[in-house]
Each structure stands twice: as C-alpha cells, then as structure tokens.
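Visitor: I'm new to this structure, so could you take me through one part of it slowly? I'd like a close look at the aromatic rings and how they pair up.

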Amino acid sequence: MRRRLYQKQNCHLFFRYDCEKIWSTFEQAYVGQDPCNVSMGAYDPLIAAAPFRPACNRMMFWSKTKEVVHDFTEKRDCFLTLEDTLLGSVLDGLTWCGKQGSSETFTAGCPGWTDCSNNPVRSFWNRASAAFADVACGDVTAMLNGSITTPFSPTSIFASIEVKRFNSTMMRSLNVVLVTQESTVTNCTNASLKDLQKELDEGIKYNCKEVIQECSSNPEKPCGACW
Ligand code: N1C
C-alpha cells in the first residue's frame, strides 16, 4: 500500500529510476531472512539499482545533528544529504524486517538499532552511507555536534564508514561545521576532531568552524553560508 502510494506520488520525480525493480531489489535484501542476519552486502543490488550521483561541492554529511542539519538544508537548495536522495528520502524514519519462512515485510516487532548489529535497518544505513561517501567530491561539508564531548564518535556511521571512504582523488576538502545547540561543550580543538584529521587521506584539506545553531537554522542568505 505504502509502496503504491509512494510510486503514485513520487515516481515522477525520479523518472529515470524503475521503481518496481528498485522495490523488488529492496525486498530481496531482507524478506525471508533472519532479521538479525542481514548484512550490508545484502543491499548491494539495491544500491546498484538506484545509484547515488556525485554532487560535487554540495554534499553534506553529519553526525548527532540530524535535526539541525535538515532544518538547515531544507532552507537551502545548495546542500545535499543522504536523506535528499531517492533511497534516503523514502526510507528515512522507517523500520522494516522480514522473518524466516515468510514472504512478508514487517514494520513492527523488528530488532532495534542496537539489538543486533546485522539488522535490516542498520545494515541499510551502513550500506547507503558507504555508497554516498564513495561519490563525495570537491569541497565536502560535515555538520557535527558541538554540544557533546565527542563530536567525532568512533561508533558513528560518519566515523566508522563515511570518513574511511572519502577519496582524495575526488575530494578537495572536508569542512567541519561544529554546531552548538544548547551549551558549548567542545570547540574545533577537540581531541576527537584531531582523530578525524588523522583519518583523512593526505590530499584532503581539513577545515573546522564553530557555529551556533541560530545561525545555521536561520540563514540570511538562500545559499552560501553564515559561517
Ligand atoms: O551514525 P551517524 O549519526 O554518524 O550517521 C550519520 C551519517 C550521515 O552523514 C548520513 O550520511 O550517516 C548517514 N546516515 C543517514 O543518512 C541517516 N538517516 C537516518 C546515517 N544514519 C541515518 N539515519 C538514522 O540516524 C539511522 O537510522 C540512525 O538511527 C541514526 C544515526 O545517526 P547518528 O548516530 O546521529
């Protein structure tokens, strides 16, 4: 039902994609499977069916700033997050899984994010994030959280998957925007950000700016930045 509705409402936006084919490759990743045993690789055919196109100088990554980053990108067309892509926009906020011996998709009673690591939702975000990072090019932005002690957390998808896939032959720079939401806890000298710099390929320039949330969510200019 949801699928049909989505197709009716949105398929025209993605006219180059074959939505029926994408839906069936999506299902193949988890339907009939143990919901704690769906690997990232299970989504390879899905990513191949709906690939991400590079959007040089406009790509926005984030960690622990989901709300503020979308508040910000909603108001400016110039940045593209994973949630602005076909797969990211359709699956954002959803829960899904299959069961062994069943050909159904379940949206309740599925394992949570940390119940088991190979759950269908987590493996999807891991795989999609990897593919999104693989096409990162030009000057890339990452919005990190300045109200927590470890803005670059080793267990985050940003640190454990995306940064590791940034490639200096395609990417010129990584520009961290450290957003302070309520109280400033960290700044650009934070130890975890030193780890981030170390992780980057040598050819990728690193910049960091501290910004207060008011500035990021109430931009004065339609594009460009207030930082
Ligand atoms: O683990 P994170 O953040 O560092 O992941 C964020 C990072 C972004 O740069 C995105 O490209 O990974 C990508 N990503 C999503 O796009 C996404 N949309 C929704 C990762 N996770 C995503 N979610 C959900 O947010 C996901 O289901 C999980 O619950 C969180 C992870 O967010 P985080 O820890 O703040």
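Guide: Let's start with what makes a pair: two rings of Phe, Tyr or Trp (for Trp, its six-membered ring) pair if their centres lie within 6.5 Å. Keep in mind that this is a predicted model. By that rule the count comes to 13 aromatic pairs.

Take tyrosine 43 and phenylalanine 124. Their rings meet edge-to-face, at 5.6 Å centre to centre and with 75° between the planes. Tyrosine 43 lies in the loop between α2 (19-30) and α3 (44-49), while phenylalanine 124 belongs to helix α6 (residues 120-134), so this pair ties together parts that are 81 residues apart in sequence. Tyrosine 43 counts as buried because its relative accessibility is 0%, and phenylalanine 124 is buried with a relative accessible area of 0%.

Now look along helix α6 to phenylalanine 132, which sits in that helix. Phenylalanine 132 pairs with phenylalanine 61 in a tilted arrangement, 5.2 Å centre to centre and 50° between the planes. Phenylalanine 61 is in strand β1 (residues 60-63), so here the parts tied together are 71 residues apart in sequence. Both phenylalanine 61 and phenylalanine 132 are buried.

Back to tyrosine 43 and phenylalanine 124: they also belong to a cluster linked by ring pairs, together with Trp23, Phe26, Tyr30, Trp96 and Trp125.

One last ring to find is phenylalanine 106. Here the partner is a charge: lysine 99 lies over the face of phenylalanine 106, at 3.9 Å from the ring centre.

How values were computed:
Residues numbered from 1 in each chain as written. Predicted model: local features only at pLDDT ≥ 70, side-chain atom pairs only at ≥ 80, totals over all residues. Heavy atoms only, no water. Phe/Tyr/Trp six-rings, centres within 6.5 Å; stacked < 30°, edge-to-face > 60°. Helix = DSSP H or I, 4+ residues; strand = E, 2+ residues; numbered from the N terminus. Buried < 20%, exposed > 50% of the residue type's maximum accessible area, 1.4 Å probe, protein only. Lys NZ or Arg CZ within 6 Å of the ring centre and 35° of its normal.
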